[in-house]
Structure formats: structure tokens, C-alpha cells
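User: I would like a close look at a single part of this protein, with its surroundings described carefully enough that I can follow along in the viewer. Please take the part I name below and build the picture outward from there.

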Amino acid sequence: MSSEILGIIARIREEVCALHAELTRYELVVWTAGNVSARVPGRELMVIKPSGVSYDDLTPEQMVVTDLYGVPVDSDGEGEWGNPLLSPSSDTAAHAYVYRNMRDVGGMVHTHSTYATAWAARGESIPCVLTMMSDEFGGSIPVGPFALIGDDSIGQGIVETLKNSNSPAVLMQNHGPFTIGKDARSAVKAAVMCEEVARTVHVSRQLGEPLPIDQGHIESLYARYQNVYGQ
């Protein structure tokens, strides 16, 4: 494998490792639960957190490189990506399925953040009652089907739920939120914002019924934020 590709993979491993600190910073994960992954551009490869390793102990060298079927790979058998290879996250099959079937997705995150997971436990989508939701998610945050961990069933549910949605987040029923993005950092942002709106809408419902936003306004807000806002 060329030195250029090895350099790209090394950079992605550093980025994915660093982004896991954002999950703990925003209190989206506990213990070793949750993960960040990123697609390797131009290659049928991805980088993902190793299974069962403490967030405080993560290093770039521990980030596992797999193919898009979740099978760990090494650069040339000489240990350039870690020797021995660590086992990838238990959610690897779900991430890999999404990368295979949503070619625009460059990064993905899974957490068990408290409020978003509470909505998932009820199997209830988060209604679009905040302009922030219109901006970030283009509408409600949908619920995906119940699926067991271990194969790509979760990935199938994510793809089927998000393929016709503007939302970069899905609440997998009885499980928790998964988010996608053009890159890993965008997926982390979506995870942070998902938990924020889940908490805010929950609090609002304790006070009364939140007021829905007109669909036309949702579309206008989403278009502005995605295409005009920022630098």
C-alpha cells in the first residue's frame, strides 16, 4: 500500500481517536459504550474504535482499520496498523453496512446519550418543535426498528430509516441514537445536537404540549442553515 494512503489512514486514526473525547466532553457516553468511525476516502476501508477499551486509554494506534464488511485488515502484515490487531467495536457491522449503502456518508457515531435513548426506549420520534431542529435535522428525528447487535441488522434499519430523511440522526428503538455525516466530525456534531434537542423537547413536554413548526418554515430554515449559514 502506498505511503500516501498509509498517511491518510494515519491521519484518520488520529482524528477518530480525538473525536471520542468529544463524546465524553458532552457526556454522551459512559464506561466504554459508544463509538466513532470514519470512511477512508477512495478505499473500501473504515476506521473505528476498538471494542471495550476505556476512553481515557484510547490512542490513534488502537483505532481499528476494517474493510466495509467489518473485517479487520493490516497494511502489509507487518503491523503498521497495530500488532496484534484489536477487535473492532461490536457495532462495526452496522457502521460497515451504512458505508456500503450510503456512499455520501463519511463518518458515523453511536452513543447511548440519556435523553435521546429515553426517546428510543419509547419508540418515539422527536417532533420538530425547535428552530434548531429545523436547521440541523430538517424535521423530526425518526425512530428506526428494533434490531439485535451482532450482524448488520442495525445498519439495515439505519439505512431504511434515513434514506428518505433529511435527518442525520436516527433513534434505534430500545437501543439509542446513531448519527451520520459527511465526515466523522459532522457525525459527532449531529450526536451532540441530537442529545440537546432530545433534552429540550423532553423538558418542554413537562410544561405542556410543544408547538409544532409549520412544514414550510422547517424547509426554509433547513435550506438557509445548510446552504447560507456560517463561513
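How do the residues of the lining of the largest pocket divide into nonpolar, polar and charged?

Analyst: The model is a predicted one, and what follows should be read with that in mind. The residues that line the largest pocket divide into 12 nonpolar, seven polar and nine charged. The pocket itself has a volume of about 860 Å³, and of its 28 lining residues the closest to the centre are P168, I180, G181, K182 and S186. Four elements each give two or more residues to this lining, namely α1 (3-25), β7, α6 and α7 (215-227), and α6 gives the most, with six residues.

It helps to place two of these elements, starting with the helix. Helix α6, which spans residues 184-207, lies across β1 (35-40), β4 (107-110), β6 (169-172) and β7 (176-181), and α6 runs at about 145° to β7. The pocket lining thus draws on a helix and a strand, α6 and β7, that also meet in this crossing.

From β7 one can move into the sheet. Seven strands form an open sheet of mixed pairing, in the order β3-β2-β1-β4-β7-β6-β5. Strands β3 (64-67) and β5 (143-144) stand at its edges with a single partner strand each, so one side of each is left without a neighbour in the sheet. In general, strands of a sheet pair through backbone hydrogen bonds, in either a parallel or an antiparallel sense.

Strand β7 pairs with β4 in the antiparallel sense over four bridges, and in this pairing G107 stands opposite G181 in β7. G181 is thus a link back to the pocket, being among the lining residues closest to its centre. On its other side in the strand order β4 is followed by β1, and four bridges join these two strands, which run antiparallel; here V36 stands opposite V109 in β4. Further along, β2 (residues 45-48) and β3 also pair in the antiparallel sense over four bridges, with L45 opposite D67 in β3.

Strand β4 deserves a closer look. In a regular strand, side chains alternate between the two faces of the sheet. In β4, G107 and V109 point one way while M108 and H110 point the other way, and all of them are buried.

Several residues of β4 also meet a histidine from a helix. H95 lies in helix α2, which spans residues 92-101, and H95 is buried, with a relative accessible area of 0%. Leaving aside its neighbours within four places in sequence, H95 is in contact with N35, S37, M46, I48, M108, V109 and H110, a set that includes M108, V109 and H110, whose directions from β4 were given above.

Finally, the stretch that follows α1, one of the elements that contribute to the pocket lining, holds two residues with a backbone feature to note. Most residues other than glycine have a negative phi. E27, in the loop between α1 and β1, has a positive phi of about 55° although it is not a glycine, and W31, which lies in the loop between α1 and β1 as well, has a positive phi of about 50° and is likewise not a glycine. E27 is exposed, with a relative accessible area of 66%, and W31 is exposed too, with a relative accessible area of 79%.

Note on methods
Residues are numbered from 1 along each chain as its sequence is written. This is a predicted model: local features need pLDDT of at least 70, side-chain atom pairs count only at pLDDT 80 or more; totals for chains, interfaces and linings use all residues. Side-chain values use heavy atoms; hydrogens and water are left out. Two strands pair if DSSP finds at least two bridges between them. Contact means heavy atoms within 4.5 Å. Axes are lines fitted to C-alpha atoms, for helices over the stretch in contact, and angles run from 0 to 180 degrees between N-to-C directions. On a 1 Å grid over the protein atoms alone, a cavity is a set of points where a 1.4 Å probe fits but cannot get out, and a pocket is an open set with protein on both sides within 12 Å along at least five of seven lines; lining residues have an atom within 4 Å of a point. Grid points are joined across faces, edges and corners, and a volume is the space filled by probe spheres set on the points. Ala, Val, Leu, Ile, Met, Phe, Trp, Tyr, Cys and Pro count as nonpolar, Asp, Glu, Lys and Arg as charged, and the others, Gly among them, as polar. Buried means under 20% relative accessible area, exposed over 50%, partly exposed in between (1.4 Å probe, protein chains only).
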